[in-house]
Amino acid sequence: MDAQRILDLFLFAIPSLITGCIAYYFFKEHTKNEDGRRRFLLKKDLQVTAMPLRLQAYERMALFLERITPSKLLIRTTPLTSNKEDYEALLIHTIEQEFEHNLSQQIYISDKCWSIITTAKNATIQLIRKANLLEKTDTANKLREVILTEMMERHSPSDAALSFIKEEVSDLW
């Protein structure tokens, strides 16, 4: 009789154990699904608030690149004296000041994009320095003329960076 009783107890326990295992599995999957859903909703909400900030950062960097384009920079920044070294320093200071004003935007844009923007800034500074070293450059106005002539013969370093920004923003959509 004891063996029969143990067998009956075992037969009653098996469905309970099976039901318990199935309930555990379903609750585990349900909890995992709810956690995934909450993360998705949180990410979606963050993207709604972050997207305008990212677009604003791209806009500001595009404006920066436009402002340091040599032809526009030369129009906006006139020489104070006829000394070409002073004018070179003024142009480089203006570019650096613009760059420092937009340093915080690197948080919102990709590392590759930031690198390209920095390269464009440095290439523009190099262009100004090289133009200043030419023998035909003897005054600030002549420096302006040499830089503008150089820009007529080739594209500005800002153009490539601006194209990259446009491409990256189009990929956001």
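What share of the 173 residues in the protein chain is buried? The share of buried residues is 31%. Keep in mind that this is a predicted model. The protein chain is built from 6 helices and has 0 strands, so the run of elements from the N terminus reads α-α-α-α-α-α. The overall shape is where things get interesting.

**Overall shape**

- A compact globule of 173 residues would come out with a radius of gyration near 16 Å, but the protein chain has 32 Å.
- Along the principal axes, the C-alpha atoms of the protein chain fill a box of roughly 115 × 25 × 25 Å.
- Take the contacts in the protein chain between residues at least 6 apart in sequence: 74% of those contacts join residues at least 24 apart.

**The annotated N-terminal stretch**

- The UniProt record, an unreviewed entry, puts a "transmembrane region" on residues 6–27.
- In the model, residues 6–27 are 100% helix and 0% strand.
- The end C-alpha atoms of that stretch sit 31 Å apart.

**The largest nonpolar core**

- The largest nonpolar core has 35 residues, and the members that touch the most others are Leu65, Ile109, Ile117, Ile147 and Ile165.
- Two or more residues come from each of helix H1 (2–68), helix H2 (70–76), helix H3 (84–101), helix H4 (111–133), helix H5 (140–153) and helix H6 (157–172).
- H1 is the top contributor to this core, with 9 residues.
- Setting aside residues up to four places away in sequence, Leu65 touches Ile117, Ala120, Ser158, Ala161, Leu162 and Ile165.

**Helix H3**

- With 18 residues at 1.5 Å a residue, H3 should span 26 Å, and its end C-alpha atoms are indeed 26 Å apart.
- Buried in H3 are Lys84, Tyr87, Glu88, Leu91, Ile92, Thr94, Ile95, Glu98 and Phe99.
- Those buried residues cover an arc of only 150° around the axis, which puts them on the same side of H3.
- Their packing partners are H1, H2, H4 and H5.
- Over on the other side of H3, Glu100 and His101 are exposed.
- Asp86 also belongs to helix H3; its relative accessibility is 44%, so Asp86 counts as partly exposed.
- Asp86 and Thr139 are 53 residues apart along the chain, yet their C-alpha atoms are separated by 9.8 Å.

**The loop after H3**

- Asn102 lies in the loop between H3 and H4.
- Why does Asn102 count as buried? Its relative accessibility is 4%, and the cut-off for buried is under 20%.
- Apart from neighbours within four places in sequence, Asn102 is in contact with Arg60, Met61, Phe64 and Trp114.

**Helix H5**

- H5 has 14 residues and reaches 20 Å from its first C-alpha to its last, close to the 20 Å expected at 1.5 Å a residue.
- The buried residues in H5 are Ala140, Leu143, Arg144, Val146, Ile147 and Met151.
- Looking down the axis of H5, these buried residues fall within an arc of 165°, so they line one face of the helix.
- The cover over that buried set includes H2, H3 and H4.
- Asn141, Met152 and Glu153 are exposed on the other side of H5.

**Helix H6**

- For H6, 16 residues at 1.5 Å a residue should span 22 Å; the end C-alpha atoms are 24 Å apart, which agrees.
- Pro157, Ser158, Ala161, Leu162, Phe164, Ile165, Glu168 and Val169 are the buried residues in H6.
- An arc of only 160° around the axis takes in these buried residues, which puts them on the same side of H6.
- H1 and H4 are what the buried residues of H6 pack against.
- Ala160, Lys166 and Asp171 are exposed on the other side of H6.
- Two of the H6 residues in that buried set, Leu162 and Ile165, are also among those that Leu65 touches.

Conventions:
Residues numbered from 1 in each chain as written. Predicted model: local features only at pLDDT ≥ 70, side-chain atom pairs only at ≥ 80, totals over all residues. Heavy atoms only, no water. Core = buried A, V, L, I, M, F, W, Y, C linked by side-chain atoms within 4.5 Å. Buried < 20%, exposed > 50% of the residue type's maximum accessible area, 1.4 Å probe, protein only. Helix = DSSP H or I, 4+ residues; strand = E, 2+ residues; numbered from the N terminus. Contact = heavy atoms within 4.5 Å. UniProt positions renumbered as here; feature names shortened; annotations may be inferred. Expected span 1.5 Å × (residues − 1). Arc of directions from axis to C-beta. Rg over C-alpha atoms; globule rule 2.2 N^0.38 Å.
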